[in-house]
Structure formats: structure tokens, C-alpha cells
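Got the structure open in your viewer? Let's take a short walk through it, one selection after another.

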Amino acid sequence: MCGIVGYYGNKDAVPILINGLKRLEYRGYDSAGIAVLGEDLNVLKRAGKVSVLENLIDDHVLSGTVGIAHTRWATHGEPNDTNAHPHLDHTGNIALVHNGIIENYQSIKKVLEKDGIQFQSETDSEVLVQLISKIYYQDGLAFHDAVQAALQDVVGTFGIVVICKDEPDVMVAARLGSPLVLGIGDGEYFIASDSSPIVEHTRSVVYLDESEMVVLTNDGYTISKIHDQQIVNKKITTIEHDLEAIEKGNFPHFMLKEIYEQKNTITDTMRGRLQVADGTAFLGGLSDYMPRIEKANRLYITACGTSWHAGLIGKYLIEEYADIPVHVEYASEFRYRHTIIDNETVVIAISQSGETADTLAAIKKAKENGALTVGICNVVGSSIARNTDCGVYTHAGPEIGVASTKAFTAQVTVLSMLALLLGRKKGLNKLQGIKLAKALNDMGQNVEVILNNTGMIEKIASQFSDVDNFLYLGRGLNFPVALEGALKLKEISYIHAEGYPAAEMKHGPIALIDDNMPVVIIAPHDQTYEKVLSNIQEVHARNGRIIIVTDKKSKDLTRLSDHIIEIPQCHPRVFPILASIPLQLLAYHLAVIRGCDVDMPRNLAKSVTVE
């Protein structure tokens, strides 16, 4: 949630900050603002996307070599000019940008109001800047000490960057629960929520860990612990991706680019890991912990949203191949309910960003109860990567579109390799392993076949752009695919859609089916085919408008359906990955036809770093 960028150096900060906000806009786009320290502290902020702010800047004189900026996903207070960040203290001398939630803001606000401080916004963030101001001016502390003292009093999560007119050569940033990255350039520094605004300026970065703060001055940077000011020596790491990876190129939307990238990202995720000749996989990030994983009496997979759907597919695969019980839990539920966890439990946490707040909290709970924690994420140096005992990166590259596509298929690919690896260690015969490994190895070329034949999907979308509801049905491994297809459609086209196990249609949803209801049915020619065919006939008998995704046309499917989307024939355990791609394209084209903002759907943000 929310995007933060800060610049400290010798260049004009304004274009650097605005361009940084554009890179971060996928994290929130309700409002945007900028504060620059020059001869004075100047703040400009507006509701709307970064382009609104950018156009406004043309009519104002803003200059300085130190500044902070923010693009917001609203939590406390509606998206308007006043609630936009940066927030100023009552003196107008201190500016702050904040990502996270200050849970005790109301009690702090009451104390500050008794001291005569008047608040301008409805946000919890303004409370923090006013608290810093009170400590700074009343206690006579150095600015960075005042920030550090204020953070001792707040409860909640934060990623903040703060500047002060009275100490213009100081910038302070701190994190607890919301990510921050420090970019180190030649005589200049960058602070951001992730590396995307930094990579075009420098590839040398330091990832702040929990409860750490960094102070930037003309003498360099110092990182310390918030609670005791203990100095921390951090390793400088190198950003792996290049600038091209975070730009749209010739595609009209990031989402479409990322759909097409799957012909490479799936293969990249398997490179060096899949061992076809031996019918197994090697996951180096887990190798030291494999004996414990093999002996686990149960696995939990915890995630949110699309990653949760990937986890459901992982459950089917691991239980089938490795014969280990797997429970799939929403991270937001896992962290609060009583779960049966001990030192013989393995908890697998899945997150594209590696920063999902609920998933991080689930990891913390799992570790407190003695479980081994495994992370599956896409971002090197992310909080989940650093806080789990071991893990696997998906190698999907930066995903900018809010609706996850390539990250999902990469996650399922990792889970498929994990199921294969565990299966081979626990009795799956080599021949079966080789069949699955070959099928996984062929996915890149099969994805390319799908992407070379997308015209029909666009035509199908054009016939359904005016509907209000969709139903998605699948059985077994393909029930999560139905869930994911429905989620994609809801996220970006605003059409109400639901995914169901096909057999459950008779237990309620069938009442909705009429000649206005499109029903997407996933129908592979596997052991579920005859049952799915029966479900198709039930929909057909009620005049539902049937769209079938299958790996082979048949007379029955042709007779019963309005449209058939055919994908290459493949191993039934690989089918869910391939079948999800036409559903991504269907959602994309429907959204475009309906005039929706595909990459920035309303009310959504890419990385959910607050509860």
C-alpha cells in the first residue's frame, strides 16, 4: 500500500521524485504529493493520480535538492487534497510521508489537541508528524533523535520519511512492518518503498529490516535500531533487474506485457532446478532443510488473494505426490485462530511482493510455535525472504500490474517442483517423476502456443462486455483455477464473478443460471472429464451461455458450448497453469472493452502492507 520516495543529493529533486512516484503508482493512486526543501519547505499535493500532481507542478515553483513524495492508497480518511501526503506539522517546518497504520493515533491525537495543536486531516499519519514536532520543539532534541523518540510512542506499522526546514541537511527514514529500501548513488541517496524508483539511478541498495531507521546527512548514512539506537552495519546488495523490466515497452498495459512474459517467466522459474532425466527437482534454498520438510506431520500453506489460489493447487499436488497432509489458510485467518502447529509442522508462506502484512504476521506466529517456515516470493531481499527459515524465489521479475498474472503461474510452478521433489523422496517412482518433469519443461512452448492464438479470446470478450455476472466452474486441481479466473475478472473489469467447484453448482448457484449468465467451465480430458461434462449439460439445459476451456475439442463439448478455448494437450497436473492464461486474457480484454483502468483498478493496490 502507498508508495514512498525520497531524494537526498545535489540534483533537482522534483523530476526524480515525480518519476519515482510514477514507478510506484501501482502501490496506490488515490492521491499524490511532494515536499521539497530549498530556501523554504514547499508542499504540493492533490487527490487523483500522479499525473494530476505532475500537471499542477508546472504552475508552481518547486526546487531543491532534498525532497519526499508519496502516492496514496487510502486507509484513514477519504482520498482528497487534505488527506494526501506529505503531512506538515502545525509549524509548517516538518513534512512526513507514511505508509502503514498508527493504531493508537486517537489517544495520541487527544493529548496533542489538549496542547492546542489543531489537525488539518482525518489521517492517522498527521498524528505522527505532529508528535515529532512536539518532541522536537519542546525537548530541544536533534531532529533525528526527535523522530526516534516519537516512534517509541506509536503502536502500529510504518514506513516513514521525514524532513525538517530547521535541519535541511538531514533526512530520516524508518520502518516497522512497511518496506523501505535505501539506494546509494554517487553523492546522492534514494529512499523508496521498493527498488523500482531507484534502479534507473543506482543498483546499489540496502534493505532496511524491521525496527530500523536511517539518517542521511552530508557525511553519509547511518542505520540504527529504533528502540536503542544501536548502530547496524548493513550489507549493500545489487538490484538484479534492469530498467526495461519495469517499463511497458510496446504493450498498452503492464498486465498484458506480464501475461505475455509468462512464456519466459515460467521457464526462468524452473531453470537450474528441474531435473528432467531424473524425474525430480533441486530447490537449493530448501536443501539444508529437506530432511525436516520430509518428516513433517503436516504442512500449512498460508497466503492472501491470488497467492492463496496458488496454494490450493499446491495442496492438491503435494498431497497426491508426497502423501503429506496440507492445510491452506488465508493468512488473515491463520494469524488469529487457533492452529495446530508444533516443531513437526512446516508453514509455507506465499507472496508476490514478500511484504504482505497478514502473511508476515502468520510467519511470526508459526515461528513462535516452533514450525519451520518456508517463503515463496518474487522479490529478493523482501521481508518474507528475510524472515523465513528458508525459501524459493519465483524469478518472475518485477510485476507492476495490480492484477497478478505471471507471479501466479510462477508460484504454481514452484509448488509443482516442490511436490515433485517431495514425491520422489517419499516413494513416487522415477517414471512418474519424469512424465511430470517433462510436462513442466514443455510449458514455455505451450504458453507460446496459447499466446499466438488470442484473437478468439478477444472476440469472446466482445460478446460479454455488457453482462453483470460470471460463473466459473472447475473440479479438483481446476477449482482453484476457477477461483483465480473469477478474481481476475472482478479485479479489473468490475464484473461480479464467482468461482465454484463444478459439483457444488447444484447446491445453490444453479439458481442464478439463465440465458444472461455466462458460465466458464474448465474441462480437461482427465479423470474428472465425464463429471464435468455432466455439469456442462446441466448449465446447457438452463440456457446458460457456456465458455469452455479444454485441452481437446470433442463433439459433446462443441455441441453444448457457445465458445471453446482450446489449449495444448498436456499432463493433467500441468493443465491448471496453462488454463489460467486464457482466463487472464479474457479478464483483460473484457476490462479494456469496458473502458476500465486495467493496471490501476479502483480501490486496489499491488502490495497490501497494512491489515
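Start with helix 3 and helix 4, whose crossing is left-handed. One thing to keep in mind on the way: this is a predicted model.

To see who makes the contact, show side chains for Y105, I108, K109, V111 and L112 on helix 3, then V127, Q130, L131 and K134 on helix 4. Sorted by class, that contact has 6 nonpolar, 1 polar and 2 charged residues.

Now select residues 105-114 for helix 3 and residues 125-139 for helix 4, and look at their axes: they come within 10 Å and cross at roughly 45 degrees. The two helices are therefore oblique to each other.

Next stop: strand 6, residues 94-99. Is this strand enclosed or not? 6 of its 6 residues are buried, so strand 6 is largely enclosed by the rest of the structure. Colour I94, L96 and H98 one way and A95, V97 and N99 another; the two sets point opposite ways from strand 6, and all are buried. In a regular strand, side chains alternate between the two faces of the sheet.

Which strands pair with strand 6? Add strand 5, residues 87-88: 2 bridges join it to strand 6, and the two run antiparallel. Look for L88, which sits opposite A95 of strand 6. Strand 5 and strand 6 make a hairpin with 5 residues between them, and in the turn you'll find G92, with a positive phi of about 80 degrees.

Last, select strand 7, residues 158-164, which pairs with strand 6 in the antiparallel sense over 6 bridges. Click on V97 and then on V161, its bridge partner in strand 7.

Conventions. Residues are numbered from 1 along each chain as its sequence is written. This is a predicted model: local features need pLDDT of at least 70, side-chain atom pairs count only at pLDDT 80 or more; totals for chains, interfaces and linings use all residues. Side-chain values use heavy atoms; hydrogens and water are left out. Axes are lines fitted to C-alpha atoms, for helices over the stretch in contact, and angles run from 0 to 180 degrees between N-to-C directions. Helices (H or I, at least four residues) and strands (E, at least two) are DSSP runs, numbered from the N terminus. Angles under 35 degrees count as roughly parallel, over 145 as roughly antiparallel, 65 to 115 as roughly perpendicular and the rest as oblique. A crossing is left-handed if the near helix is turned anticlockwise from the far one by less than a right angle, and right-handed if clockwise. Contact means heavy atoms within 4.5 Å. Ala, Val, Leu, Ile, Met, Phe, Trp, Tyr, Cys and Pro count as nonpolar, Asp, Glu, Lys and Arg as charged, and the others, Gly among them, as polar. Buried means under 20% relative accessible area, exposed over 50%, partly exposed in between (1.4 Å probe, protein chains only). Two strands pair if DSSP finds at least two bridges between them.
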